[in-house]
Amino acid sequence: MTMAPHTIPLSWTRERIKKDQIDRYLENGQDFIQDSEIWKKIHEVGEPNLGQVREILEKSLAIQVLTPEDLAVLIRVKDPEALQEMQEAALKIKEKVYDNRIVTFAPLYMGNYCVNNCAYCGFRHENLKAKRRVLSMDEIRKETEILTGKIGHKRIIAVYGEHPVTGIDYILQSMKTIYEVKMPTKHGYGNIRRINVNAAPMSIEELVRLRDGGLGTYQVFQETYHHETYAKLHPKGTLKSDYRWRLYAMHRAMEAGIDDVGIGVLFGLYDWRFEVMALLYHAIHLEAKMGIGPHTVSFPRMEPALNSEYAEHSPHKVSDEDFRKIILLIRLAIPYTGMIITARETAQMRRDAIGLGITQTDASTKIGIGSYSEEGTGQETERQQFMLGDTRSLDELVNDFAEMGHITSFCTAGYRCGRTGKCIMDLLRSGQEGKFCKLNAVLTFQEWLDDFAAPATREVGLRVLEKELEEIRIRNPQGFPVFYQFLERVRKGERDLFL
Ligand code: SF4
């Protein structure tokens with residue numbers, strides 16, 4: 001990369017934000033997050049009784065999105081019996097909508113050049129202690145070779161900083177490079193079949209190009225929805241200081257024809273009760289105005305970052321107990337959505353989170369730039385955005401989940417056979433998605449066990465798989481023979497089959 005990290009052409013910055021691509025979504029000049037209204041709803045709730053909680057849980061169990069008033073009631077719940085019922089309902093919803101599958105992926109950080117100055121981030125422009133680097137296409141190829149040939153990942157989240165060097169052309173070129181890699185494995189081959197992208201807010205024109213480049217899900221996290229806190233942490237004059245350009249990123253994505261979008265909050269920046277409410281407002285607004293709610297919700301919790309006072313001493317740090325409650329509340333409030341927990345959290349927290357309704361997580365995670373393919377790179381503060389809490393390998397994670405009775409899914413069929421956006425939402429709400437996804441989860445799990453599993457993991461994995469086969473045979477006797485033919489083909493070494 002020839003451009004230095006601190007070189008930012010003024011013309012580039014000036015042209016990034018298209019005001020008309022914000023204003024068209026405003027109502028009476030207002031955005032859909034009204035801070036005082038949210039706080040009013042939280043404060044005006046009285047002590048909830050069990051009957052009231054049960055009524056709300058009935059809606060969640062019917063896969064209905066809750067109202068902000070309902071969520072405010074659940075936020076207030078402290079009674080252990082009510083909390084227990086909330087947890088049971090969350091698990092039932094997860095099983096109804098997503099069954100016992102956990103989808104897995106790997107993050108791939110492309111570079112840490114960034115024009116912004118977020119107070120909580122080690123990659124911020126003014127942090128001179130960060131070692132800056134952007135991967136070349138050759139380096140991206142090498143990273144992908146490890147992910148596909150040695151670890152066995154099939155889907156990644158590619159993460160890009162906001163900088164002219166990693167703009168839309170670089171993003172598209174890197175996606176093409178990743179999709180081209182195909183590595184031999186024990187019995188077949190491995191490749192990345194779905195690239196989700198976490199990148200700065202874009203214009204509709206850029207988003208159309210991103211969609212056409214083979215995008216899976218487009219992720220932009222608001223970080224904090226609280227206007228005043230947002231302004232404090234994202235200094236004036238930086239691109240990211242424009243709250244609304246970020247807030248409407250997903251509206252623009254949908255207008256560009258991207259219908260799988262991921263929203264999220266960096267918990268620890270502001271009061272978690274406000275943020276959970278705001279996530280629900282975002283989901284409701286997307287569905288009301290654009291026809292589809294978020295495909296996924298993420299809730300990273302703030303971790304220490306290089307040379308960042310705020311990350312160390314935030315007044316809004318979220319305790320483990322509150323974090324568990326956050327997961328529970330989101331599962332109940334937006335029952336159809338996928339929920340992602342990452343390796344920021346410890347192994348134990350990730351285990352707990354599975355029992356609260358999480359559907360996706362990463363594994364064998366490295367977030368240093370170039371860390372998958374370069375030897376001797378554990379956790380290094382100078383080249384990663386934050387510290388990880390769980391550095392277990394994919395094999396260890398699959399083993400752990402299998403012991404808990406879960407199947408790790410490597411399925412990426414959805415967007416390639418048109419099950420995205422409204423289609424997938426309708427399937428999820430009606431509990432129909434499992435019909436396809438269970439089958440494809442089993443096919444891809446078999447593929448991974450054959451190609452990558454250590455003997456002990458293969459053994460426990462095959463035990464889970466046998467149980468799944470029996471279940472499919474009973475639940476879907478007509479479809480079973482065709483599915484079984486596919487499975488036999490996978491066992492013989494055919495790869496990337498889906499129904
Ligand atoms: S959080 Fe993102 S936008 Fe902000 S400084 Fe870090 S990398 Fe840049």
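1. Start with helices H17 and H21 in this predicted model. On the H17 side, the residues in contact are Asp 395, Val 398, Asn 399, Ala 402 and Glu 403, and they meet Ala 456, Thr 457, Val 460, Gly 461 and Val 464 of H21. By class, that contact splits into 5 nonpolar, 3 polar and 2 charged residues. H17 covers residues 394–403 and H21 covers residues 455–475; their axes sit 9 Å apart, at an angle of about 40°. If you look at how the two cross, H17 goes past H21 in a left-handed crossing.

2. While you have H17 on screen, go on to Thr 408, which you'll find in strand E11 (residues 407–409). Leaving out residues up to four places away in sequence, Thr 408 touches Ile 102, Thr 104, Val 398, Phe 401 and Phe 445. Val 398 should look familiar, as one of the H17 residues that meet H21. Is Thr 408 buried or exposed? Thr 408 is buried, because 25 other C-beta atoms lie within 10 Å and 20 or more is enough for that label. For a sense of distance, the C-alpha atoms of Thr 408 and Glu 180 are separated by 25 Å, with the two positions 228 residues apart along the chain.

3. Next, the pair H6 and H15. Helix H6 (residues 80–98) packs against helix H15 (residues 320–333) at an angle of about 55°, and the axes are 9 Å apart. H6 therefore counts as oblique to H15. The crossing of H6 past H15 is left-handed. From H6 the contact takes Met 86, Gln 87, Ala 89, Ala 90, Ile 93 and Lys 94, and from H15 it takes Leu 328, Arg 331 and Leu 332. Sorted by class, there are 6 nonpolar residues in this contact, along with 1 polar and 2 charged.

4. Then there's H7 with H8. Helix H7 (residues 137–151) and helix H8 (residues 168–180) also pack, at an angle of about 40° and with axes 9 Å apart. That angle makes H7 oblique to H8. Here the crossing of H7 past H8 is right-handed. Met 137, Ile 140, Arg 141 and Thr 144 come from H7, while H8 brings Gln 173, Ser 174, Thr 177 and Ile 178. The contact holds 3 nonpolar, 4 polar and 1 charged residue.

5. Now for the ligand. Which residues surround the ligand? The list is Cys 114, Asn 116, Cys 118, Cys 121, Phe 123, Arg 124, Gly 161, Glu 162 and Lys 240. The shell divides into 4 nonpolar, 2 polar and 3 charged residues.

6. Two backbone spots deserve a look. Most residues other than glycine have a negative phi. Ile 63, though not a glycine, has a positive phi of about 55°. Look for Ile 63 in the loop that runs between helix H4 (50–61) and helix H5 (68–76). Ile 63 counts as partly exposed because it has 16 C-beta neighbours inside 10 Å.

7. The second spot is Glu 223. Its phi is near 75°, again a positive value in a residue other than glycine. Glu 223 belongs to the loop between strand E6 (215–219) and helix H10 (227–233). How is Glu 223 classed, buried or exposed? With 25 C-beta neighbours inside 10 Å, Glu 223 counts as buried.

8. His 295 is another loop residue to check, placed between helix H13 (272–290) and strand E8 (296–298). His 295 counts as buried, because 27 C-beta neighbours fall inside 10 Å. Setting aside residues up to four places away in sequence, His 295 touches Thr 217, Asp 260, Val 261, Gly 262 and Gly 338. The C-alpha atoms of His 295 and Val 197 are separated by 13 Å, and the two residues are 98 apart along the chain.

9. Finish with Gln 485, in helix H22 (residues 480–491). Why does Gln 485 count as exposed? Gln 485 has 10 other C-beta atoms within 10 Å, and a residue is exposed if that count is 12 or fewer. The C-alpha atoms of Gln 485 and Asp 20 are separated by 53 Å, and these positions lie 465 residues apart along the chain.

Definitions and conventions: Residues are numbered from 1 along each chain as its sequence is written. This is a predicted model: local features need pLDDT of at least 70, side-chain atom pairs count only at pLDDT 80 or more; totals for chains, interfaces and linings use all residues. Axes are lines fitted to C-alpha atoms, for helices over the stretch in contact, and angles run from 0 to 180 degrees between N-to-C directions. Helices (H or I, at least four residues) and strands (E, at least two) are DSSP runs, numbered from the N terminus. A crossing is left-handed if the near helix is turned anticlockwise from the far one by less than a right angle, and right-handed if clockwise. Two residues are in contact if their C-beta atoms, placed from the backbone, lie within 7 Å. Ala, Val, Leu, Ile, Met, Phe, Trp, Tyr, Cys and Pro count as nonpolar, Asp, Glu, Lys and Arg as charged, and the others, Gly among them, as polar. A residue is near a molecule or strand if its C-beta atom, placed from the backbone, lies within 6 Å of it. Angles under 35 degrees count as roughly parallel, over 145 as roughly antiparallel, 65 to 115 as roughly perpendicular and the rest as oblique.
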